[in-house]
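Student: I have a structure open and I'm new to it. Can we talk it through?
Tutor: Yes, have a look.

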Number of protein chains: 2
Amino acid sequence: MPTLQYEPLENLAREIFRAIQVPPHGAAWMAKLLVRANLRGHDSHGVIRIPQYIATWKKGEANPTAEPVIVQEGPATALVDGKLGFGQIVARRGMEVAMGKAAAVGVSTVGVFNSNHVGRLADYTEMALERDMLALLAVNAGGAGQRMAPWGGRAPRLSTNPLAFACPTGDAAPISFDIATTVAAEGKVRVKRNRKEKMPLGWVLDAEGKPTTDPNDLYATPPGTILPAGGHKGYCLALMIEVLAGIVARGGYSTEHPGPIRNGVFMIVVDIGRFIPPGTFRAEVDDLVRYLKTCPPVPGSDGILTPGEPEMITEAERRRSGIFVEDETWRQIEDVARGLGVAIPTP
Amino acid sequence: MPTLQYEPLENLAREIFRAIQVPPHGAAWMAKLLVRANLRGHDSHGVIRIPQYIATWKKGEANPTAEPVIVQEGPATALVDGKLGFGQIVARRGMEVAMGKAAAVGVSTVGVFNSNHVGRLADYTEMALERDMLALLAVNAGGAGQRMAPWGGRAPRLSTNPLAFACPTGDAAPISFDIATTVAAEGKVRVKRNRKEKMPLGWVLDAEGKPTTDPNDLYATPPGTILPAGGHKGYCLALMIEVLAGIVARGGYSTEHPGPIRNGVFMIVVDIGRFIPPGTFRAEVDDLVRYLKTCPPVPGSDGILTPGEPEMITEAERRRSGIFVEDETWRQIEDVARGLGVAIPTP
């Protein structure tokens, strides 16, 4: 299994995207976010996605030079057509629009559609931090990628519709989470299947609606379903996100005839200073975090962390030790690079 | 156990609040929301609260004639000081401000502090429906009512911080949920304790951090904790809500020295027409609901419902059959009414 330092890996990713005509700034941003996902421990959203993005481009479903366009707007709202650009570029543009409007009037809501895979949502909510704003993001799969049943059901009807939030802090690590509304992300079930391991009970129901530990049941015909996080509560959140990202943001919603997986994105950005001086906000969040950390741990726990801290710890480690890329993923990336005439770094 | 029709019960509640000088419109609204909670099956938020509200008033902690005041505002934002009014009146005022601003600029965020118990959050999010808006509400307990540990911990640090959402539909029942971010609301544990029943495993950890089925462990010294819904995901949401309602909305946040339980309320209202014609929105939500309901049920399920439907079904039943009030609650309400010289209807 090759191990690469993050810089040559990021350079490789950037050159691959440059080779298919993504403009320099966009290619660098895409590469940065993919490698950042690896650095932060979310390998499912890291460089493993490069072959997928190139495949999408080869099918003509991603336009490397697309420029997102605002198709409708008001003082605090906008609807952005991503023109089938790469999601990292489209979602960044959406956040820029949202932050501009929040700066002007205090809060904004932006919907984004016609976007390819945006990757980790935390990359966009965290854009708000340096502007003393906080952000909420809700994303669906455009009505495709159905994996969750409505509560009480046994056939997939909704995607794993994730929700992300980030807010600034003072000395404490920024608070940032990015969570699927299912018990487990689909990628985790896929890893169990590929490793021929059992899943814990409580992740998946088979097509008959019976609890199962066999990951193959999710991919059978007819398929199983991943359970919502927190039972009916995860179903409530997933349905809300389907409405916000799929209908309000025009991303497309679940039906019998889903199209290709695309991301509908619904963003809310709040300018903190409209409510409380940002310095006071940061001090109070720090004080809250301090108090949380006085909590004694359960037996076997590593202690109390805030959302975003596990990622920071992993990033510090991997910046030193490098990023492991499993053989099959590395082989696919090498193939892509070779096909595009991009030089491959030595692991 | 007395059974009352909802109209005499609502009249009784209204007259009790009138007797402590709540203005007529406010008293009628408070009575309507408490009885609506009973009608919709949430007895924990129904007339059982009347003795609590009167006790709060007797202690001088609720001002029946308080008028909420906007202390800070912008085009899309406002901060409302509830002046220790009853929560139903304060939160309604907050929503009126939020809807006015959302009508003007498309989206708004309003924070409310110095509010007594607001009751069911769904009552406020659902105010948005008739104006073709959608609403999100996040509420904390002002830093008090600590019941949940941070993930990995075993001592209470956060309240059960609930989240609510509602959006309009066409022919389908409105989508509306109002969920604690813990596995179970504290009231459910209390009911188990009072009935001397065991809880399911997975609700509560004792003070040592061990799973327990004994509801008394939650109330022991030192106390146990209610687990977050969906494990670390519920912790993420509860912390977000503590920041939004407790710090941004100035409601007060968790520390070692909590004050009395009050509600910080953070509201987001979106004017749907800024993104999609409301008629199209309603038709698409109906189509999504139709598709969800094609899902075959798991064995033993009553079929697929959308959030808010269970409440509608219960309300239709209880409007016909009346509302059961347990003896102890009825005795307390009779005491309150007698003390204030209010006529008591015959159950």
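Student: How many residue pairs are in polar contact between chain B and chain A?
Tutor: There are 32 such pairs between chain B and chain A, both residues at pLDDT 80 or more. A polar contact is a pair of N or O atoms within 3.5 Å; within protein, one must be able to donate a hydrogen and the other to accept it, and residues adjacent in sequence count only if both atoms are side-chain atoms.

Student: Which element gives the largest share of the side of chain B that touches chain A?
Tutor: That is α7(B), with 12 residues. Helices (H or I, at least four residues) and strands (E, at least two) are DSSP runs, numbered from the N terminus.

Student: And where do these values come from?
Tutor: This is a predicted model: local features need pLDDT of at least 70, side-chain atom pairs count only at pLDDT 80 or more, and totals for chains, interfaces and linings use all residues. Side-chain values use heavy atoms, without hydrogens and water.

Student: OK, salt bridges. How many across the interface?
Tutor: The rule finds 4 between chain B and chain A, a salt bridge being a side-chain nitrogen of Lys or Arg within 4 Å of a carboxyl oxygen of Asp or Glu. B:Arg250 and A:Glu284 form a salt bridge through their side chains, at 3.1 Å from N to O.

Student: Switching to chain A alone: how many helices and strands?
Tutor: Chain A has 10 helices and 12 strands. Its C-alpha atoms fill a box of roughly 55 × 50 × 45 Å along the principal axes.

Terms used: Residues are numbered from 1 along each chain as its sequence is written. Chains are lettered from A and ligands numbered from 1 in the order in which they are written.
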